[in-house]
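Here are a few exercises to work through with the model open beside you. Try each task before reading its solution.

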Amino acid sequence: MGRKGKIQTWASSEAMRWADDEEASGPIFKQPGMTGNEFDIRMSGEADGMAAAKKIVNFISERGVCLCEANAPQQLLESAYFEAEELWEDGAFGPPLRVHDDRSMIEAQLWGQSLKDEEKVVWIRDGPGGSQSASGMNALKLLAKNMSDFAGGLAELLRKEMGIEFDRVGHAMLSCYAGDREYALHVDNAHGDDEDESAVPDNGMRLTCTYYINPHWEPQEGEAGGLDVFMTDPKEAPASAGSAKKAPRLRVAPHADTLVLMLSERMAHRVVPTRGKDTKWFALTLWGLSANAMNQMAKKIMTRRQRASKQDSDDDD
């Protein structure tokens, strides 16, 4: 019991800093038109992949986010959406993080900031140890692989141009946004100072990649289930939820073949509220990750766990 109390206290300052409130959000400075999202990059028009990657990194450097039309085949997108619906109807979606011991509870708190709106997901894993629920879901697996390759292809340029370093890409997470829901404003990796042992550790997320697979979207559907990205200074994380909400918003509709790339440590964002039970909006998300930061996070988890155990022993005495 003592350890649980200490875990809650450890993250309390960060939780307060990112507690969402009723303050009105800033104006929408860019939003979808009658033909869908206004893309920064359309991959169908980019003959040179390296030149396209440089353009994308330039947008990320200037604004913290880049909106791409990925140029996936329509049939592939329709197949992926059908597979996602099948998974949903079959009850394959479940909690993104399962807590079964003290360590997994701490990890859930660390990753919880980025996954706080993800009530039910399916992790898309292939090969041995892959998700049984996603077995045979070839279109989703192919899109997830394409996303991973795309993100990996930006790593060296992001390192050279911005000092953003990641050396691995995580598994893709399939999310469904539906029902009457409001979603929380957050930064995926809102860590504190690495030298401050009491601060929330760096979870390793560097680049957030979200890809929408909804071919049924129409302009009259609006942007429900899409994304608001709050356009603060991309050179640093916003000081709090309140300061982020004052910034202008980039609004993204959840229509098929929309890829959002943004800085995991710096860009606050929020899913656009959904209404009604009949319409579902599916998205694949994965992250570019720093192995070193994740290893350091694991060490800090163990250190805190050991200190908590020692304190419990001292209290018992």
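**Exercise 1. Find the residue of strand 12 that stands opposite M205, then work out which strands pair with strand 12.**

Step 1. Start at M205: its opposite number in strand 12 is L289. Helices (H or I, at least four residues) and strands (E, at least two) are DSSP runs, numbered from the N terminus. This is a predicted model, in which local features need pLDDT of at least 70 and side-chain atom pairs count only at pLDDT 80 or more, while totals for chains, interfaces and linings use all residues. Residues are numbered from 1 along each chain as its sequence is written, and side-chain values use heavy atoms, with hydrogens and water left out.

Step 2. Pairing requires that DSSP finds at least two bridges between two strands. Strand 7 (residues 205-212) meets this with seven bridges to strand 12, in the antiparallel sense.

Step 3. Strand 6 (residues 172-177) is also antiparallel to strand 12, over five bridges; here M173 faces T285.

Step 4. Strand 5 (residues 168-169) adds an antiparallel pairing of two bridges, with V169 partnered by G288.

**Exercise 2. Decide whether the faces of strand 12 are covered or open.**

Step 1. Buried means under 20% relative accessible area, exposed over 50%, and partly exposed in between (1.4 Å probe, protein chains only).

Step 2. Count along residues 281-289: nine of the nine are buried.

Step 3. Now sort them by side. In a regular strand the side chains alternate between the two faces of the sheet. One side carries W281, A283, T285, W287 and L289, the other F282, L284, L286 and G288, and both faces are covered.

**Exercise 3. Place I213 in the nonpolar core.**

Step 1. A nonpolar core is a set of buried Ala, Val, Leu, Ile, Met, Phe, Trp, Tyr and Cys residues joined through side-chain atoms within 4.5 Å. The largest one has 64 residues, and L174 and I213 touch the most other members.

Step 2. Helix 6 (residues 138-162) gives this core its largest share, eleven residues.

Step 3. List the contacts (heavy atoms within 4.5 Å). Beyond four places in sequence, the partners of I213 include L77, L140, L174, F282 and L284.

**Exercise 4. Which residues does the side chain of N214 reach through polar atoms?**

Step 1. Locate N214 in the loop between strand 7 and strand 8 (227-230). With a relative accessible area of 1%, N214 is buried.

Step 2. Look across the chain: K280 is 66 residues away in sequence, yet the two C-alpha atoms are separated by 8.7 Å.

Step 3. Apply the polar contact rule: N or O atoms within 3.5 Å, where, within protein, one must be able to donate a hydrogen and the other to accept it, and residues adjacent in sequence count only if both atoms are side-chain atoms. The side chain of N214 lies 2.7 Å from the backbone oxygen of P254, and one of its polar atoms is 2.8 Å from the backbone nitrogen of F282.

**Exercise 5. Why is C209 not in a disulfide?**

Step 1. Use the cut-off: a disulfide is a pair of cysteine sulfur atoms within 2.5 Å.

Step 2. C209 has no such bond because the closest cysteine sulfur, in C68, is 9.5 Å away, too far.

Step 3. Check the total: the structure holds zero disulfides. C66 is unbonded as well, with the sulfur of C68 nearest at 3.8 Å.
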